[in-house]
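Today I opened a new model and started a page of notes on it. Come along and look over my shoulder.

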Amino acid sequence: QVQLVESGGGLVQPGGSLRLSCQASGSIVSIYDMGWYRKPPGKQRELVAVITYGGSSRYTDSVKGRFTISRDNAKKTVYLHMNSLKPEDTAVYYCNADIVGPTYSENGFYWGQGTQVTVSS
């Protein structure tokens, strides 16, 4: 069974930094895209950033230049480095991975449990 476990959320002041991590474990043959989404209070979940197996990445406009997504394929881990944080970045952050399992039925998109990021003075 595949699990995605996130860590690194917390409370930070405006202008501060945080690094989120998400490690996949379980029956995994390969991982295609890995990404981060977030759900701000009272709003829908939105894509923050996504990275391919080869390292190509894209970002939502509001985080470009401030956030960096990276991954370590050997560790099955994706990171989100967040700098110059703003109050509007406050949200529950979820990681997502497109996973290939040992059988067809285990292929699919998997989600982490979410980690809270609060930006406030």
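**Entry 1: around L80.** I began by listing the contacts of L80, skipping its neighbours within four places in sequence. In this predicted model, L80 touches L18, R19, L20, W36, V48, A49, F67, T68, I69 and Y93.

**Entry 2: the core.** Next I looked up the largest nonpolar core and found 28 residues in it. L80 is among those with the most contacts inside this core, together with W36, V48, F67, V78, M82 and Y93. Which elements give two or more residues to this core? I noted β3 (18-25), β4 (30-39), β5 (46-51), β7, β8, β9 and β11 (115-119). The largest share, five residues, comes from β9. I added a reminder for myself: in soluble globular proteins, nonpolar side chains tend to be buried together.

**Entry 3: N83.** I then moved to N83, which I found in the loop between β8 and β9. Is N83 buried, exposed or partly exposed? Its relative accessibility is 37%, and buried would need a value under 20% while exposed would need one over 50%, so N83 counts as partly exposed. Leaving aside neighbours within four places in sequence, I listed G16, S17, R66 and F67 as the contacts of N83. With S17, the side chain of N83 makes a polar contact of 2.9 Å. I also checked N83 against L18: they are 65 residues apart along the chain, and their C-alpha atoms are separated by 6.8 Å.

**Entry 4: salt bridges.** How many salt bridges does the structure hold? I counted four. One of them joins R38 and E46, with the closest N and O atoms 2.7 Å apart. R38 is buried at 3% relative accessible area, whereas E46 is partly exposed at 30%.

Another salt bridge joins the side chains of D61 and K64, at 2.9 Å from N to O. Here D61 is exposed, with a relative accessible area of 61%.

R66, which I had already met as a contact of N83, pairs with D89 at 2.8 Å, N to O. R66 sits in the loop between β6 (57-59) and β7 (67-72) and D89 in the loop between β8 (77-82) and β9 (91-100), so this pair ties together parts that are 23 residues apart in sequence. Both partners are buried: R66 has a relative accessible area of 11%, and D89 has 1%.

**Entry 5: joining up.** My last look-up was how these pairs connect. R38, E46, R66 and D89 turn out to be linked in a network of salt bridges.

Terms used. Residues are numbered from 1 along each chain as its sequence is written. This is a predicted model: local features need pLDDT of at least 70, side-chain atom pairs count only at pLDDT 80 or more; totals for chains, interfaces and linings use all residues. Side-chain values use heavy atoms; hydrogens and water are left out. Buried means under 20% relative accessible area, exposed over 50%, partly exposed in between (1.4 Å probe, protein chains only). Helices (H or I, at least four residues) and strands (E, at least two) are DSSP runs, numbered from the N terminus. A nonpolar core is a set of buried Ala, Val, Leu, Ile, Met, Phe, Trp, Tyr and Cys residues joined through side-chain atoms within 4.5 Å. Contact means heavy atoms within 4.5 Å. A polar contact is a pair of N or O atoms within 3.5 Å; within protein, one must be able to donate a hydrogen and the other to accept it, and residues adjacent in sequence count only if both atoms are side-chain atoms.
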